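Hi everyone, thanks for coming. Let's have the structure up on the screen, and then I'll walk you through two parts of it.

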Amino acid sequence: MNVVEIRKLWSVFRTAGVDSVVHQDLDLTIAQGELLSIVGGSGSGKTVLLRQILGLETPARGSVTVLGHPAEELTHAGAASRVGMLFQQGALYSAFTVLENIAFPLRELRNLPEDLVRDAVMVKLQMVGLDPAHAHKMPADLSGGMVKRVALARALIMDPPLLLLDEPTAGLDPDRADAFCTLLRSLHRELGLTVVMVTHDLDTIYELSTRVAVVADKHVLVDAPIQDVIAFDHPFVREFFLGGRGLRAMELLRQPPGAV
Amino acid sequence: MLLGRWAAADLADRASWASVQSTLRGLRGKDSAGVWDLRQIQRLDHTGAQFLWNTWGRQWPAEVHTLPAQRSTLERVARFSVALPPPDRQTAWGVLLALGVWVYRIEGHIADALRLLGQLLIDNLRLWRAPEKAPWRDISGHLYRIGATALPITALVGFLIGVVLAYLMSQQLRQFGADAFIVNILGMALIRELGPMLAAILIAGRSGSAITAQIGVMRVTEELDAMKVMGIARGFRLVMPRAIAMSVAMPLLAVWTTVAALLGGMLASDLVMGLTPAYFVAALAKAVQVSNLWLAVGKSAVFGLLIALIACHYGLRIKPNTQSLGEGTTASVVTSITMVILVDALFAVVFKDVGI
């Protein structure tokens with residue numbers, strides 16, 4: 001079953017009376033259980049694509065179907081049980097404690113008893129590798145890595161089948177980024193999630209994704225496992241994956257797992 | 001045997017929650033060591049699993065049949081179910097510490113305010129010595145934003161207040177046959193008190209909040225730190241231009257508001273009492289001494305300086321998060337309006353012999 005189906009999508013923004021086309025006849029299908037990375041140059045419309053899947057933008061033409069429904073219906077009540085989103089800066093509600101942030105979608109259901117909500121939050125908090133002692137802290141008191149983990153716990157609180165990530169490792173030091181990748185991979189495996197992420201970080205792409213979609217020239221250039229993407233002949237792909245940083249990161253692929 | 005969807009959204013439905021509750025309560029009475037079969041459940045999420053786990057008294061029942069995915073969800077819940085650590089309790093010691101924090105905060109406010117004032121004096125000296133290096137563009141920009149763009153709203157408010165005041169007064173004065181004294185009352189009240197006060201309160205709400213929010217956002221986006229790293233004095237570039245612009249614009253706005261209010265009063269007295277504008281103007285010159293106008297202008301300049309300093313003070317104290325930004329802006333407006341009224345009362349006491 002396909003979790004996300006994008007057909008002939010056009011994204012158009014009108015600034016100062018001039019239309020700028022970001023996507024033109026873009027097609028993309030994401031199947032259940034995949035871990036898809038969307039890559040592309042700055043301004044190529046990766047984040048817009050993510051926002052289209054979330055229903056935060058409206059297609060100018062074409063259709064975006066998520067879990068069998070049009071994407072614009074996604075933001076209706078109960079959206080937290082269909083899709084979870086990890087924003088780049090976490091987007092934690094700064095007036096709430098960690099506990100209240102994670103509990104927010106559950107409490108909005110209005111009918112679940114408080115102790116059940118609290119237990120569910122504590123389980124999610126530990127699933128993302130945070131100590132229960134952090135539950136009463138305010139987001140302003142957390143480090144960048146902890147903010148991401150809390151935001152991930154909040155995105156997962158209703159066990160949505162689809163998880164979207166915007167630059168999940170941006171702003172984390174390499175150690176934390178590695179730990180976060182490991183966490184994402186284990187959650188992906190254990191919960192059977194479908195994960196879509198936008199990232200620039202080559203290590204993250206090589207480490208996590210089962211498939212890579214390259215967005216360039218207003219459409220999906222190539223959409224395949226990472227080895228096939230690297231073999232694809234296009235200026236952007238060459239620069240992105242086979243530039244200096246790309247070659248260094250690719251060493252990871254060659255090394256057998258577990259090698260030091 | 002359990003059926004159906006055991007997910008948070010489904011459980012939260014009022015009807016199904018009630019029925020699940022009553023069924024499980026019935027079960028608990030009979031035989032707690034029964035056989036649980038979860039294999040027919042369509043969807044079991046962590047909230048549903050948590051609910052079952054709590055129902056089982058946080059231990060595995062004697063016999064459970066599950067699908068592998070359900071078992072792993074339940075195992076995760078079982079592993080991670082811990083009591084919420086209690087929030088920090090309030091003790092007498094804690095209350096004492098909170099009092100100390102409060103005292104330190106007051107002290108910090110006073111120290112920061114003094115430092116700001118001192119820095120402003122130093123910056124003004126620097127401006128005096130080398131006027132060609134001053135941020136004149138900033139000052140003129142702030143003058144435009146604080147002063148010129150506030151002209152319509154202050155005129156409108158002043159005019160309406162003038163009309164309302166003249167109308168109410170005329171009703172009272174007519175009872176004593178003292179119609180002509182409306183000019184004295186309006187002239188004195190508007191020029192000496194209401195004009196400057198109205199303008200100051202409007203500007204405190206309009207530009208004071210804007211200054212606090214502006215500087216606060218610069219803190220949130222680390223622009224203040226960037227300025228410091230470049231060696232640009234924020235007192236000289238941020239506080240002083242605003243203070244100068246505010247203390248120049250404020251008296252002008254006060255006069256402008258007063259004129260608008262007097263026009264409104266003149267119009268209302270012409271309509272209600274038949275006092276011609278010519279008489280109004282002539283009587284106004286006799287009733288109100290010019291020293292009142294100087295007093296009004298002088299205290300408006302002080303109001304302007306106060307509003308700018310308070311707004312900058314709160315702006316610079318904002319911490320890099322959104323909640324602090326909102327709190328700081330509110331505190332800035334409330335404090336500056338309160339201070340304006342306090343200082344106005346002080347002026348009234350000190351200058352009680354002037355112009356009356």
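I'll start with a sheet in chain A and then move to a helix in chain B. Just keep in mind that this is a predicted model.

Okay, chain A. Here we've got an open sheet of six strands, and the order across it is 6-7-8-3-9-10, with mixed pairing. At the edges sit strand 6, residues 83-86, and strand 10, residues 219-224, and each of those pairs on one side only. On average, neighbouring strands in this sheet are turned by 15 degrees against each other, ignoring direction.

Let's look at one edge. Strand 6 of chain A runs parallel to strand 7, residues 162-166, and four bridges join the two. One pair to find there: L86(A) has L165(A) in strand 7 as its bridge partner. Then there's helix 1 of chain A, residues 46-54, which packs on this sheet and touches strands 3, 6, 7, 8 and 9. The direction of helix 1 makes about 150 degrees with that of strand 7.

Now over to chain B and helix 7, residues 151-176. How far apart are its end C-alpha atoms? They're 37 Å apart, and that agrees with the 38 Å you'd expect because its 26 residues should rise 1.5 Å each. Helix 7 of chain B does have a kink of about 25 degrees, centred on S170(B). S170(B) is also one of the buried residues in this helix, along with others including G158(B), F159(B) and M169(B). What covers the buried residues includes helix 8 and helix 10 of chain B. And just after helix 7, G177(B) takes a positive phi of about 65 degrees.

Conventions: Residues numbered from 1 in each chain as written. Chains lettered and ligands numbered in written order. Predicted model: local features only at pLDDT ≥ 70, side-chain atom pairs only at ≥ 80, totals over all residues. Pairing = 2+ DSSP bridges. Axes fitted to C-alpha atoms, helices over the stretch in contact; angles between N-to-C directions. Contact = placed C-beta atoms within 7 Å. Expected span 1.5 Å × (residues − 1). Bend = angle between axes of the 7 residues up to and from the residue. Buried ≥ 20, exposed ≤ 12 C-beta atoms within 10 Å, placed from the backbone.
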